[in-house]
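Here is a short report on one protein chain. Please look at the structure below, then read on.

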Amino acid sequence: MSRTYKATGINLKTQALGESDRIVTILTREFGLIRAVAPGSRKHNSSLGGRSGMFVVNELLIAKGRSLDKITQAQTLKTYPGLAKNLAKLSASQYLAEIVLCQALSEQPQEELYELLNEHLHRLEILPKTDKFSIYAYLAHAVFHLLALAGLTPEVQVCCLTQQPLRPDVTDRNWQVGFSISAGGTVSLDAWERLRTEGKIGGDRENSKPILSANHPINQLPQISSYQIVAHRQEIPAISSRLNATELAMFQQLSQPEIMQISAAKDDGWLSVEQILRQYAQYHLGRPIRSATLIDSYFAANHDATV
């Protein structure tokens, strides 16, 4: 008989197998990411049909297999029906699932990641409104926490060049700060400009070399020292985007356990924050987040949709 084990997990991805089966990718507390066959789950009235759906939390009994494990029993503990009833919420949930699939490890406990994902799925589900600013705000909050758990959180409290605190001046409409994906977060534009100017000056000095003529007597050639002094200049990071004071304040509060009351319902600041965070996540994960385009398309169409 095949060896069996118990696990509690949430379904993050499904794909058809054969005529009636599914392969389900599950984030479990006890064993991290596992892939298992749900036999007969595509048949009408199958006991595993609903239990193998997206974002269903099950207590599972799984049999070890040679190539793929097999789900033998499943008892549903929690579902998120509110996500499937609204395309924006469903797309945001799939967005988070993509990030988790990149982060999760196999054959290792992933309890923190499991709990964090379920917490943010619950917050998305109970959102009373689905206007784009609320969705983007809660999505950015969740992505920031997932990146923090993986040790990839962007630096938004201090300048990445000077390590000096950044305090947004919301009274100044022209106040701005740079965001550099390659540097890992926010950058003071004054410090960046100084570094760029110094880099140009230093580069001119470094490139100046003596020009030797072919007719120059060998005994009059400049003496070359037996050692060289190499000066390493700080690399000038590329500025990916610029944030105003309100947007930086939004970024800085993403690290908090609870997101602030969204008073920016008439402001597109959350849209900018999510877009920047999306580019940052894609850079560090090394792959595009395909579900993000669904959210953009949904709000671009400017209509409510249900699944």
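## Helix α6 and its surroundings

The buried residues of α6 pack against five elements of this predicted model: α4, β6 (176-180), β7 (185-187), β8 (241-244) and α7. Helix α6 spans residues 245-252. Six of its eight residues are buried, so the helix is largely enclosed by the rest of the structure.

Which residues of α6 are buried? They are A245, E247, L248, M250, F251 and Q252.

## The chain as a whole

The chain has 307 residues. Of these, 44% count as buried. Eight helices and eight strands are found along the chain.

Contacts between distant positions are well represented. Take the contacts with a separation of 6 or more. Residues 24 or more positions apart account for 65% of them.

## A buried leucine in α4

Helix α4 covers residues 132-149, and L147 lies in it. Is L147 buried or exposed? Its relative accessibility is 0%, so L147 counts as buried.

What does L147 touch, leaving out residues up to four places away in sequence? Its contacts are Q103, L152, T153, P154, L277, Y280 and A281. One of these, Y280, is 133 residues from L147 in sequence. In space, the two C-alpha atoms are 9.8 Å apart.

## Strand pairing around β5

Strand β5 pairs with β4 in the antiparallel sense, over seven bridges. A hairpin of five residues joins β4 to β5. Within this pairing, L60 stands opposite A74 in β5.

Strand β5 also pairs with β3 (residues 32-38). Here the sense is parallel, and there are two bridges. A36 has D69 as its bridge partner in β5.

In a regular strand, side chains alternate between the two faces of the sheet.

## One cavity

How many cavities of 30 Å³ or more does a search of the whole structure find? The search finds one. The largest cavity holds about 40 Å³ of space. Three elements each give two or more residues to its lining: β2 (21-28), β4 (57-63) and β5 (69-78).

The lining is made up of N11, V24, I26, A38, L48, R51, S52, N58, L60, I71 and A74. By class, seven of the lining residues are nonpolar, three are polar and one is charged. L60 and A74 both appear in this lining, and they are also the residues that stand opposite each other in β4 and β5.

## Salt bridges

The structure holds seven salt bridges. Side chains of opposite charge can pair when their charged atoms come close.

R29 and E115 meet through their side chains in one salt bridge, at 2.6 Å from N to O. R29 lies in the loop between β2 and β3, and E115 lies in helix α3 (residues 111-125), so the pair ties together parts that are 86 residues apart in sequence. R29 is partly exposed, with a relative accessible area of 30%. E115 is partly exposed too, with a value of 34%.

E98 and R287 form another salt bridge, at 3.6 Å from N to O. This pair links distant parts of the chain, 189 residues apart. E98 sits in helix α2 (residues 87-103), and R287 sits in the loop between α7 (269-285) and α8 (291-301). E98 is buried, with a relative accessible area of 12%. R287 is partly exposed, at 33%.

## More charged pairs

Helices α7 and α8 are joined by a salt bridge as well: R278 in α7 and D296 in α8 are 18 residues apart. Their side chains meet at 2.8 Å, N to O. Which side of this pair is buried, and which is partly exposed? R278 counts as buried, at 8% relative accessibility. D296 counts as partly exposed, at 25%.

A network of salt bridges links three residues: E119, R123 and E258.

Definitions and conventions:
Residues numbered from 1 in each chain as written. Predicted model: local features only at pLDDT ≥ 70, side-chain atom pairs only at ≥ 80, totals over all residues. Heavy atoms only, no water. Helix = DSSP H or I, 4+ residues; strand = E, 2+ residues; numbered from the N terminus. Buried < 20%, exposed > 50% of the residue type's maximum accessible area, 1.4 Å probe, protein only. Contact = heavy atoms within 4.5 Å. 1 Å grid on protein atoms, 1.4 Å probe; cavity = no way out; pocket = protein on both sides within 12 Å on 5 of 7 lines; lining within 4 Å. Points joined across faces, edges and corners; volume = space filled by probe spheres on them. Nonpolar A, V, L, I, M, F, W, Y, C, P; charged D, E, K, R; others polar. Pairing = 2+ DSSP bridges. Salt bridge = Lys/Arg side-chain N within 4 Å of Asp/Glu carboxyl O.
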